[in-house]
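Work through the exercises below with the structure open beside you. Try each task before you read its solution.

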Amino acid sequence: LVVIDECIAAFLSKTGLSLKVIQDSLQSTPLKAALSAAQSSEPGAMADQSSQEARPEDILVAILRVLQTTALFSTSVSILEANLHSSIATLKAEWREKASSIHVWFTLFPGQREAHEDKLESFEGGATSLLPTTEKSLKDFCGAAEQLVLDYMMIKVKESLQGLGESKLWSRSEEKDKTFDLPSFSVFPSKHVTNLGEYLLIVPQQFEVLDDLDELNSRRIKIKESEGGEEGSQESNSFAAEWITRIVEEASKLYIRDILRIPRLSENGCSQLQADIDYLCNILQALFVPVPLTLKTIASNLSLKSDEIAKGKSKPKECDASTWDRIVRMRLDK
């Protein structure tokens, strides 16, 4: 067990270092800039342009396969440890039988019985990990792989949200023409949120390149069942569905972060932001991702008129207090 534990842990540590190098390279060199430089280096080479444009998809497939391999390896280690615990339980049963051949070993090597009995007692029941070093290394390895995927998938999100906080959309003030009583037209979502929404809608398609997901999903279900959990639906145990939700939630966090950096919100800015948030909430619902409480809080605040905010209308019970106060300051800042 010690040899197996140390060998698996050493493999995971070395592989984790490779993932760290890839992650650092993604953070230091923006992908779009690298691809633009590559495409502009040979403007006349039309044959090479198609292969260069395929690079992002190739990188995406490779990174998603890293994630898939990590999940498969993690489930394999869990199954291995479960089998080891089962073997120890069988050995414990044989231990109690006086006629078992294992007692011949203790006759030949006196003093071993007590030491082995203590170890079996500590391993019995599955409370103690049989591969403690592997468990720690696997946790670090999975964390590095998952962070690599999130960092890569957020490149397009950050590109879509670039300049959102500094946009003049939020502070513009247009006087209504009182000469003619013209109707008010609906505000359309801004390019920041539409670009973000269009990207999030294609995230499920990006996971379609992965194969063997049925095998991975079945392994995850078996592990949950062995741990005493409910079987649940196939969708709730789906590897792809879980990661689509994580990516969309991470993108929502970045969007909310940039919203809270807006210095001031005019009446027109409130209308624009409300249209943007309504659009994004529809995208989240289409992807079966719950709307974050912070986003609901912002939407609730924007639904109030400015005079209601100025009079200090109390915030709803179910809201994020700090977010509510921040939006109030943005709206009252003249």
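Four exercises follow, each with a worked solution; the model is a predicted one.

**Exercise 1. Describe the make-up of the protein chain: how many helices and strands does it have?**

Solution.
- Step 1. Count the elements. The protein chain has 14 helices and zero strands.
- Step 2. Look at burial. Of the 334 residues, 37% are buried.
- Step 3. Look at the surface. The accessible surface is about 20000 Å², and carbon and sulfur atoms hold 55% of that surface.
- Step 4. Look at contacts with a separation of 6 or more. Residues 24 or more positions apart account for 76% of them.

**Exercise 2. Find out where the pLDDT stays under 50.**

Solution.
- Step 1. Start with the whole chain. The mean pLDDT is 79, and 70% of the residues reach 70 or more.
- Step 2. Locate one weak stretch. Residues 34-54 stay under 50. The model gives this stretch nine contacts beyond four places in sequence.
- Step 3. Locate another. Residues 232-236 are also below 50, with five contacts beyond near neighbours in sequence.
- Step 4. Draw the lesson. Where pLDDT is low, predicted coordinates should not be read in detail.

**Exercise 3. Work out how helix H8 is oriented against H10 and against H11: parallel or antiparallel?**

Solution.
- Step 1. Choose the descriptors. Two packed helices are described by the angle between their axes and the distance between the axes.
- Step 2. Take H8 (residues 191-206) and H10 (residues 239-259). Their axes lie 10 Å apart, at an angle of about 170°.
- Step 3. Apply the cut-off. Angles over 145 degrees count as roughly antiparallel, so H8 and H10 are roughly antiparallel.
- Step 4. List the partners. Val193, Leu196, Leu200, Val203 and Pro204 in H8 meet Ile244, Ile247, Val248, Ala251 and Tyr255 in H10. This contact has ten nonpolar residues, no polar ones and no charged ones.
- Step 5. Turn to H11. The axes of H8 and H11 come within 10 Å and cross at roughly 0°. H8 is therefore roughly parallel to H11.
- Step 6. List residues again. In H8 they include Thr194 and Glu198; in H11 they include Asp276 and Tyr279. The classes are seven nonpolar, two polar and two charged residues.

**Exercise 4. Examine Phe288: is this residue buried or exposed?**

Solution.
- Step 1. Place the residue. Phe288 sits in the loop between helix H11 (267-286) and helix H12 (293-302).
- Step 2. Check the backbone. Most residues other than glycine have a negative phi. Phe288 is not a glycine, yet its phi is positive, about 60°.
- Step 3. Check the accessible area. The relative value for Phe288 is 74%. Exposed means over 50%, so Phe288 is exposed.

Methods
Residues numbered from 1 in each chain as written. Predicted model: local features only at pLDDT ≥ 70, side-chain atom pairs only at ≥ 80, totals over all residues. Heavy atoms only, no water. pLDDT = per-residue confidence, 0-100. Contact = heavy atoms within 4.5 Å. Helix = DSSP H or I, 4+ residues; strand = E, 2+ residues; numbered from the N terminus. Buried < 20%, exposed > 50% of the residue type's maximum accessible area, 1.4 Å probe, protein only. Areas by Shrake-Rupley, 256 points an atom, 1.4 Å probe, with all protein chains shown as cover. Axes fitted to C-alpha atoms, helices over the stretch in contact; angles between N-to-C directions. Parallel < 35°, antiparallel > 145°, perpendicular 65-115°, else oblique. Nonpolar A, V, L, I, M, F, W, Y, C, P; charged D, E, K, R; others polar.
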